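Before any value is used in further modelling, it helps to ask what the coordinates themselves support. The questions below go through side-chain contacts and a metal site in turn.

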Amino acid sequence: MEAIELNGRSYRVPTRPTVVICADGCDPSYLEAGLEAGVLPTIARWRESGFYALADAAMPTFTNPNNLSIVTGAPPALHGISGNFALDRSSGAEIMMTDPEMVRGETILALMSRAGVPTAAITAKDKLRRMLGRGLDIGRTGICFSSEQADRCTLAEHGIEGVEALVGRAAPDMYSADLSLFVLDSGIRLVEQERARLLYLSLSDYVQHGHAPDEPEALAFHRALDERFARLEELGCVVAVTADHGMNDKALPDGNPHVLFLEDILNAQLGAGAVRVICPITDPFVRHHGALGSFVRVYRKADVPLTTLADRVRALPGIDTVLTREEASARYQLPYDREADLVVTGDRNTVIGASAAEHDLAVLAGHRLRSHGGAYEQTVPFLLSHKLTPDYRLLSQSQRLRNFAIFEFALSGVTP
Ligand SMILES: [Zn+2]
């Protein structure tokens, strides 16, 4: 077999190691700051001798929807994962969107693994692991684990054991830069030992949530990424890097988060219990962001006309867009059956919460809030270690790139 087809894209079966990296929260401004500071020599070189452009992430600009888009080459309307957290319309339950059963269709990783290509998916956070590993031929050609739980891998469940020994250090703390570096170092070991030919390495945005692009912690982290990119190149890999979303400052001049508690505001205006607001950024890693992002879903719990509701939201400061279920599904290519009555996004400097009682702002520990979720965090880097073929160069110039085209470009868009 020379290529596999999925969701209208064709992926050449790799003959040399090919590594796709989702640098979580890597707003292009982090690369610009690192290049300016001279700490990203590999990326600087690839911009000249490989390929670099800006691409649009999928909406909402959260981790799970974009990771699933990257591994399916398609928007959330096709794979069904439209948030990290959701209200299930059929049961009314509020659930994490981490169950592999919720993913619709196949992933590129699963098809490659089942076609006999040694394939590895390594994530920082375990919340993504089972969805990314869905359909992989674990134990034969598939390996899938998280650095968060690298100390408990088994051949039966993860297709690998002894990961700490492999990498040469203990599984990292979940609130650390090493959660991401451990993912990259694991991938490097698997390439060195020829245990994987197609790799998807998905990092954590812990550093970007806490630090602006020019802060020493951010520069040191991206320098560490660059060093690992160099090692992958040295091993003969094609390397492709994109991000699931960008990152913006969402704090007021006094340092407090710039937040609208939308459920509190609307229920004060329309009556207690009139609406429920769901924050799809919610995940167990609350210390990053206090579950505050720039995209929320509003569900009517009482008989409130939709136009009244939309007008009330539009009148608030800091709101970017207010879309109905139909409009949001069409504009952002979201699964209609899982969409809310209204979708609301915040502007560059604004996050939207549900009720104040649900968000623990103390977790920010004095940091300015940096977060994502809306259209202002949609621009991400799209970087390749190798030059594009003439066909793909033309394609890149004729349309706005999407981050979820990265596997196609890495596998089919460079000279094999
Ligand atoms: Zn993310």
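What follows is a set of questions and answers on this predicted model.

Q: Which protein residues are the donors of the zinc ion?
A: Donors are N, O and S atoms within 2.8 Å of the metal, and the protein donor atoms here lie 2.0 to 2.2 Å from the zinc ion. In sequence the donor residues follow the spacing D-x38-T-x180-D-H. The residues that supply these atoms are D24 (OD), T63 (OG1), D244 (OD) and H245 (NE2).

Q: What is the geometry of the site of the zinc ion, given its four donor atoms?
A: Four donors count as tetrahedral if all angles lie between 85 and 135 degrees, and as square planar if opposite donors are over 155 degrees apart and all others between 65 and 115. The angles among the four donor atoms of the zinc ion run from 91 to 137°. The site is therefore classed, under these cut-offs, as irregular.

Q: Is D244 buried or exposed?
A: Buried means under 20% relative accessible area. The donor residue H245 has 0% relative accessibility and counts as buried. For D244 the relative accessibility is also 0%, so this residue is buried.

Q: Which class of aromatic pair do Y175 and Y206 form?
A: A pair of aromatic rings is described by the distance of the centres and the angle of the planes. For Y175 and Y206 the centres are 6.4 Å apart, with 55° between the planes. Planes under 30 degrees apart count as stacked and those over 60 as edge-to-face, so the pair of Y175 and Y206 falls into the remaining class, tilted.

Q: How many residues apart in sequence are the parts that the pair of Y175 and Y206 ties together?
A: Y175, buried at 15% relative accessibility, lies in the loop between α8 (163-167) and α9 (178-192). Y206, partly exposed at 30% relative accessibility, lies in helix α10 (residues 206-210). The pair therefore ties together parts whose separation in residues is 31.

Q: Which class of ring pair do F382 and F409 form?
A: F382 lies in strand β19 (residues 379-384) and F409 in helix α16 (residues 406-412), so the pair ties together parts that are 27 residues apart in sequence. Both F382 and F409 are buried, and ring pairs link them with F51 and Y392 into a cluster. Because the ring centres of F382 and F409 are 5.2 Å apart and the planes stand at 85°, the pair is edge-to-face.

Q: Over the ring of which residue does the charged end of R47 sit?
A: A charge sits over a ring if, besides meeting an angular limit, CZ of Arg is within 6 Å of the ring centre. For R47 the distance to the ring centre is 5.8 Å, while R325 lies over the face of Y336 at 4.1 Å from the ring centre. The ring beneath the charged end of R47 belongs to Y52.

Q: How many disulfides does the structure hold?
A: A disulfide requires a pair of cysteine sulfur atoms within 2.5 Å. For C22, buried at 1% relative accessibility, the nearest cysteine sulfur is that of C26, 9.4 Å away, and for C153 it is that of C144, 9.1 Å away. The number of disulfides in the structure is zero.

Q: With which residue does E157 form a salt bridge?
A: The closest N and O atoms of this pair are 3.1 Å apart. E157, partly exposed with a relative accessible area of 44%, lies in helix α7 (residues 155-158), and its partner lies in helix α6. That partner also meets D126 in a salt bridge (3.2 Å, N to O), and its name is R129.

Q: What is the N to O distance in the salt bridge of D185 and R169?
A: D185 lies in helix α9 and R169 in the loop between α8 and α9, so the pair ties together parts that are 16 residues apart in sequence. D185 is buried at 7% relative accessibility, whereas R169 is partly exposed at 27%. The N to O distance between their side chains is 2.9 Å.

Notes. Residues numbered from 1 in each chain as written. Predicted model: local features only at pLDDT ≥ 70, side-chain atom pairs only at ≥ 80, totals over all residues. Heavy atoms only, no water. Donors = N, O, S within 2.8 Å, 3.2 Å for Na, K, Ca; no water. Tetrahedral: all angles 85-135°; square planar, octahedral: opposite > 155°, others 65-115°. Buried < 20%, exposed > 50% of the residue type's maximum accessible area, 1.4 Å probe, protein only. Phe/Tyr/Trp six-rings, centres within 6.5 Å; stacked < 30°, edge-to-face > 60°. Helix = DSSP H or I, 4+ residues; strand = E, 2+ residues; numbered from the N terminus. Lys NZ or Arg CZ within 6 Å of the ring centre and 35° of its normal. Salt bridge = Lys/Arg side-chain N within 4 Å of Asp/Glu carboxyl O.
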